[in-house]
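Work through the exercises below with the sequence and the coordinates at hand. Each task is followed by a stepwise solution.

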Amino acid sequence: MQTKQAIQVSELRQRYGDFEAVGGISFEVAEGELFALLGTNGAGKTTTLETLEGFREAGSGTVRVLGHDPYRDRRVVRPQLGIMLQEAGFFADLTVAETVGQWRRFTPSPRGGDEVLAMVGLRGKAEVRTRQLSGGQKRRLDLALALLGRPRVLFLDEPTTGMDPEARHATWKIVQELVAGGTTVLLTTHYLEEAEHLADRLAIMHRGRIEVAGTVAEVVAGQGDRITFRVPERVQVADLPALRGAVADIVIDGGRAVAGYRVQGLQGALYDLLRWAEDHRLELDGLQARSASLEDVFLRTAATPEGTR
Ligand SMILES: Nc1ncnc2c1ncn2[C@@H]1O[C@H](COP(=O)(O)OP(=O)(O)OP(=O)(O)O)[C@@H](O)[C@H]1O
């Protein structure tokens, strides 16, 4: 059976005046998949999301959500979307229950107010005024409102900003349950751990382009594992070993030189390093070895200098 694509973006470009905020991006999200859009500040994530949500017409390229143009066919598409913006405004004097009640009036066949509040763990706050909610609780109320219309596609723009780790994990669980129930989710986040935890696939944007995309394993593959240690005082940088062909880069940290290697496969490279240290009777201060992570890929992408794309 062919997988149906809930979201299709092909060569999307968006400009603000002379400035190109999105420079020709393409990706697809299958029904029931969670796709995370990561990127540096100003990379173009929100502009992309706003286009998919039908708030902006595509500058050029094509965008389809559930098979429709979300801008031109928004009457068809919008009722099937749940949207959690970066900042939603609530009326400060309304209670949580009243806020949900107001939104229900504008939502066709909405979920029950109690039901959505229970889903996001806010039933105990139903009678609290929204201005008294904490930042994390406000984000959960935002999520409750996005879920009212039983959306087939849910857009979450930095959903866990301001949440403590417990609330963040609780939110991840809610999102995982929605995905398990067949909801398609497009998420933006600055928390790489969140993408690692939730995303079936992800893309990293930088200056309007998708620099890398795939599953976490695909994105991280080939990035190289990392070994670092402080260069021992009686060793010249030129005398450091090349570990399976990898040459050390040196940074100065707290007045001491730190050697860093990017190697393919930790075990062999560590074996060589420890044997070298043993042969030279050296203690390797601050020795660290770790597998490549999404953070490595992100930081490398973010470090791509201007004019190199
Ligand atoms: N209305 C606008 N007018 C002019 N420039 C804009 C406008 N909205 C966004 N931009 C610019 O377009 C670029 C992309 O912005 P966008 O908000 O899409 O990025 P983002 O990836 O969501 O960033 P962040 O992670 O900081 O939220 C930025 O350089 C931003 O300054």
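**Exercise 1: Burial and backbone of Glu158**

Glu158 is partly exposed, because 19 other C-beta atoms lie within 10 Å, and the buried class begins at 20. The model in use is a predicted one.

Task: state where Glu158 is found and what is notable about its phi.

Solution.
1. Location: Glu158 sits in the loop between strand E6 (153-157) and helix H6 (165-180).
2. Backbone: its phi is positive, about 50 degrees, although Glu158 is not a glycine.
3. Background: most residues other than glycine have a negative phi.

**Exercise 2: Arg244**

Task: determine whether Arg244 is buried, partly exposed or exposed, and give its place in the fold.

Solution.
1. Count the other C-beta atoms within 10 Å of Arg244: there are 14.
2. Apply the limits: exposed means 12 or fewer, and buried means 20 or more. Arg244 is therefore partly exposed.
3. Place the residue: Arg244 belongs to the loop between E10 and E11.
4. Check the backbone: phi of Arg244 is near 50 degrees, positive in a residue other than glycine.

**Exercise 3: A four-stranded sheet**

Task: give the strand order of the open sheet formed by 4 strands, and find the helix that packs on it.

Solution.
1. Order: the strands run E11-E12-E10-E13, with antiparallel pairing.
2. Edges: strand E11 (249-253) and strand E13 (288-290) each pair on one side only.
3. Twist: neighbouring strands are turned by 20 degrees against each other on average, direction ignored.
4. One pair in detail: strand E10 (residues 225-230) and strand E12 (residues 256-263) are antiparallel and joined by 6 bridges. Within this pair, Arg230 has Val258 of E12 as its bridge partner.
5. Helix: H9 (residues 266-279) packs on the sheet and touches E10, E12 and E13. The direction of H9 makes about 20 degrees with that of E10.

**Exercise 4: The shell around the ligand**

Task: list the residues around the ligand, assign them to elements and break them down by class.

Solution.
1. List: the residues are Tyr16, Phe19, Ala21, Gly39, Asn41, Gly42, Ala43, Gly44, Lys45, Thr46 and Thr47.
2. Elements: strand E2 (19-30) and helix H1 (45-52) are those that give two or more residues to the shell.
3. Share: H1 supplies the largest part, 3 residues.
4. Class: the shell has 4 nonpolar, 6 polar and 1 charged residues, with Gly counted among the polar ones.

Technical notes: Residues are numbered from 1 along each chain as its sequence is written. This is a predicted model: local features need pLDDT of at least 70, side-chain atom pairs count only at pLDDT 80 or more; totals for chains, interfaces and linings use all residues. A residue is near a molecule or strand if its C-beta atom, placed from the backbone, lies within 6 Å of it. Two strands pair if DSSP finds at least two bridges between them. Axes are lines fitted to C-alpha atoms, for helices over the stretch in contact, and angles run from 0 to 180 degrees between N-to-C directions. Two residues are in contact if their C-beta atoms, placed from the backbone, lie within 7 Å.
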